Amino acid sequence: MSGLFHDPLWPRAGEWPSAHDGAEISGRVDVAILGVPTWRTSLSATGAHATPAAVRAALQRYSATLIGPPALDLDAALSIVDAGDVPEPDGDAGEARVRRTVADLVARGAFVVGLGGDNAATVPVVQGGRAGGLITLDAHLDLRDGRSNGSPVRRLIEDGLDPRRIVQIGIADFANSPAYVARAVELGITLITLDEVRRRPAADLMAEAFEIAGAGAGGVHLDIDVDVCDRSVAPGCPASVPGGLSADALRALVRSATSDARLVSADIVEVDATADTEDGRTVRLAALCVLELLAGRAIR
């Protein structure tokens, strides 16, 4: 990122080998960052397709160091690559491209972090990684009819994901309808409300979530919908509302989740970089979620 001070003793995060220029990714891969800029079926106007690039730029504002002591350099602890963006990931053909790319990366042993894009990105990333369980950090149920960023959980269930292995954390009042709550209950989805999240330690919540979502073959996918956060820290999320999670609460949940070896993939979605504040606080929070995923992976 231009304009940032250069210090050879303070390397910046995000300076990972990249496939943006068509270069082949070779050697061991622990974590692969993959842009999945879905946006065409969003229920609200969005520029979410601009977000993967914005998150990559925001990563440059941080180091890849856990303070310890002793300090841990994530770049030294993990082999991290940037696998570029999947072009035009919306629609049947686009989702097929995402599934193939994720499957190829997972086959190489990579933990895949999908940078959305809106929540439509979740469907092909889950399917590409063949996850058998799903944990969402989201204010919304995402069980809407039709095909949109409001329907990924319903679509995954219709495509064969067992709803009894789905845990939705952060479900909020005034953000869902009675019909969709009834649908979730009827399907057997485990709902953990925003109020309950506030009362319980992140590690305890995630331990319970993995007992449910991880109870079977195929590993677990984590869907990080940043609009679970309070609007003061996530103004660039079209559906964020006052009273959501704090930034530190989201980060603690993300790191706790990644510490479990059953997690095979994750996505960070519903951030519209074009609607963020001048200081880029929502995009910066999304970038920190990337680093929390790496941290949990490195220290587990």
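## Cysteines, backbone and overall form

C229 is buried, with a relative accessible area of 0%. This value, like those that follow, comes from a predicted model.

The sulfur of C229 forms no disulfide, because the closest cysteine sulfur, in C289, lies 7.0 Å away, too far for a bond. C237 is likewise buried, its relative accessible area being 0%. For the sulfur of C237 the closest cysteine sulfur is the one in C229, at 7.3 Å, which is also too far for a bond. A disulfide would need the two sulfur atoms within 2.5 Å. A search of the whole structure returns zero disulfides.

**Backbone details**

Two cis peptide bonds and two positive phi angles are set out below.

| Site | Backbone value | Place |
|---|---|---|
| G68 to P69 | cis, omega near 0° | P69: loop between β2 (65-66) and β3 (72-73) |
| G116 to G117 | cis, omega near 20° | G117: loop between β5 (111-116) and α4 (122-128) |
| D142 | phi near 55° | loop between β6 (133-137) and α5 (152-158) |
| F174 | phi near 65° | loop between β7 (166-171) and α6 (178-187) |

The cis bond from G116 to G117 starts at the last residue of β5 (111-116), and G117 belongs to the loop that leads to α4 (122-128). P69, which follows G68 across a cis bond, sits in the loop between β2 (65-66) and β3 (72-73).

D142 has a positive phi although the residue is not glycine, and F174 does too. Their surroundings can be stated separately. D142 is buried, with a relative accessible area of 7%. F174 is exposed, with a relative accessible area of 88%. The cut-offs are under 20% for buried and over 50% for exposed.

**The chain as a whole**

The protein chain contains 10 helices and 10 strands. Its C-alpha trace spans about 55 × 35 × 35 Å along the principal axes. How does the radius of gyration of the protein chain stand against that of a compact globule? A compact globule of 300 residues would have a value near 19 Å, and the protein chain has 18 Å, so the two agree.

Of the 300 residues, 54% count as buried. Among contacts between residues at least 6 apart in sequence, 79% join residues at least 24 apart. The exposed surface of the protein chain comes to about 12,500 Å², of which carbon and sulfur atoms supply 53%. The protein chain carries 28 positive and 41 negative charges, and the mean positions of the two sets are 2 Å apart.

Methods
Residues are numbered from 1 along each chain as its sequence is written. This is a predicted model: local features need pLDDT of at least 70, side-chain atom pairs count only at pLDDT 80 or more; totals for chains, interfaces and linings use all residues. Side-chain values use heavy atoms; hydrogens and water are left out. Helices (H or I, at least four residues) and strands (E, at least two) are DSSP runs, numbered from the N terminus. The radius of gyration is taken over C-alpha atoms; the globule rule is 2.2 Å times the number of residues to the power 0.38. Buried means under 20% relative accessible area, exposed over 50%, partly exposed in between (1.4 Å probe, protein chains only). Contact means heavy atoms within 4.5 Å. Accessible areas come from the Shrake-Rupley method with a 1.4 Å probe; for residues, only the protein chains shown count as cover. Lys and Arg count as positive and Asp and Glu as negative; His and the chain ends are not counted. The place of a charge is taken as NZ of Lys, CZ of Arg, CG of Asp or CD of Glu.
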